[in-house]
Amino acid sequence: TNKADRENFSLFSLDDIDLAFEQFVLVKYFQRFRLEGKGRGLTLTPYPAGHMLGGSVWRISKETDDILYAVDFHHRRERILPSVDPAYFGKPTLTIVDSNSAARPPPPKNRDNVLRDVVMQTLRADGSVLIPCDTGGRIFELLALLDAHWRQHQIQSYQVVVLSNTSHRTVEFARGMLEWMNEAVHKSFDDTRRHPLRLQNFHFLHSMEELDKLRAERKPMVVLTTPGSLNTGFALDLAIQWARQDKNTIIFTEQCPENTIARQIIDEVCAKAQDKARGVNSGPPLVTVDTSRKVPIEGDELREWEELQKRKAEEELVRQSEELKRRKVVMIRDEEADVDLELTATTTVAQAESSNPRLFLPPSLSYTS
């Protein structure tokens, strides 16, 4: 369900991730943060970007110049997220934005109703719904939308699942980020004391084994899982299983990057829809996906691997032996100065004398590499 389960992966570890996060500096919205060191003189101010919890548009100020760095923002009002407000920015000297969405039509105003209708139609037809998304991104908007619908209609026949290695911890952490949510959430919480992420209609699972136990009840379900790209993880595993059955539905709620499996699926479906509109029957959408997984080796492969590891171990011993020869060490004791001087193959007599003028070496002990 992750890259390490499918192939040898040693680029970084969980410890490396922890070390990276220890370098992060936490700031609040509208807090002016002054840089030191090489960035001395620069002031950074984050504003709500509206696309995810903690997402920011950055104002970079130095003396009379202001640079607005806004490569990812969202101006529509949401259930949880605060929308970006252009009034915060004034008139910057320079504005940096992206153009990823410039050629896309705006989403329909009734997109939430469309999403609910597609989900419920699939469930009533005894199918299941897969929604690939990122764990810490817009998944919280989807959770709030589905939870409100489930509570309003008191739905008990269908299950909603959040499947991720960190599903429960992510939601628990997000509950503590109330100050990053919009004013409507603050007001509702003050009036009702009910947190928008107090989700009672969801199952938070961490493995395919847990999902299989739940699926044994044979109830249609909605599964929100990671990642949104479908390149790996639980989302890819479920997409491969469920895409084979016409009664199931996969819903993409985010813009999928190029060179991802999700983008291949969307492009293929759109191409088939265009063919159908022209009266051309080109068959159902078809996407080929190469998958891999780790399996125990045996037989000749195992013997070859053992021989390879043995050769590597022997080569490492030879390398260490050669390194030890190159790093020959002579310890000289200067009783008068009460110090030890270590000479290696790269130490010269001149260096030794400069480090301690009272130390004299006979020619037989002086050498260079």
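In which sense, parallel or antiparallel, do β6 and strand β10 (residues 249-250) pair? In this predicted model, β6 and β10 pair in the parallel sense, over two bridges. Within that pairing, Leu 130 of β6 has Ile 250 as its bridge partner in β10. Strand β6 is also joined to strand β9 (residues 221-225), again in a parallel arrangement, here by four bridges. Leu 130 takes part in this pairing too, with Val 223 as its bridge partner in β9.

The side chains of β6 (residues 129-132) are worth a look in the viewer. In a regular strand, side chains alternate between the two faces of the sheet. In β6, Val 129 and Ile 131 point one way, while Leu 130 and Pro 132 point the other way. All four of these residues are buried.

Elsewhere, five strands make up an open sheet with mixed pairing, in the order β1-β2-β3-β4-β5. The edges are held by β1 (33-34) and β5 (94-96), and because each has a single partner strand, one side of each is left without a neighbour in the sheet. The partner of β5 is strand β4 (residues 65-69), and the two pair in the parallel sense over three bridges. Here Leu 68 has Thr 95 of β5 as its bridge partner.

Aromatic contacts come next, with four aromatic pairs counted in the model. One of them joins Phe 30 and Tyr 47 edge-to-face, with 5.6 Å from centre to centre and 70° between the planes. Phe 30 sits in the loop between α2 and β1 whereas Tyr 47 belongs to strand β2, so this pair ties together parts that are 17 residues apart in sequence. The two rings have contrasting surroundings: Phe 30 is partly exposed, at 41% relative accessibility, whereas Tyr 47 is buried, with a relative accessible area of 9%. Ring pairs also bring in Tyr 29, linking Tyr 29, Phe 30 and Tyr 47 into a cluster.

Finally, there is the second largest pocket, which holds about 2000 Å³ of space. Its lining comprises 45 residues, and those nearest the pocket centre are Ile 17, Phe 21, Gly 136, Thr 166 and Thr 170. By residue class, the lining divides into 24 nonpolar, 16 polar and five charged residues. Helices and strands both contribute: α1 (3-6), α2 (14-22), α5 (167-175) and α8 (233-242) are among the elements that each supply at least two lining residues, as are strands β2 (43-48) and β3 (56-62).

Definitions and conventions:
Residues are numbered from 1 along each chain as its sequence is written. This is a predicted model: local features need pLDDT of at least 70, side-chain atom pairs count only at pLDDT 80 or more; totals for chains, interfaces and linings use all residues. Side-chain values use heavy atoms; hydrogens and water are left out. Buried means under 20% relative accessible area, exposed over 50%, partly exposed in between (1.4 Å probe, protein chains only). Two strands pair if DSSP finds at least two bridges between them. On a 1 Å grid over the protein atoms alone, a cavity is a set of points where a 1.4 Å probe fits but cannot get out, and a pocket is an open set with protein on both sides within 12 Å along at least five of seven lines; lining residues have an atom within 4 Å of a point. Grid points are joined across faces, edges and corners, and a volume is the space filled by probe spheres set on the points. Ala, Val, Leu, Ile, Met, Phe, Trp, Tyr, Cys and Pro count as nonpolar, Asp, Glu, Lys and Arg as charged, and the others, Gly among them, as polar. Rings of Phe, Tyr and Trp (its six-membered ring) pair if their centres lie within 6.5 Å; planes under 30 degrees apart count as stacked, over 60 as edge-to-face and the rest as tilted.
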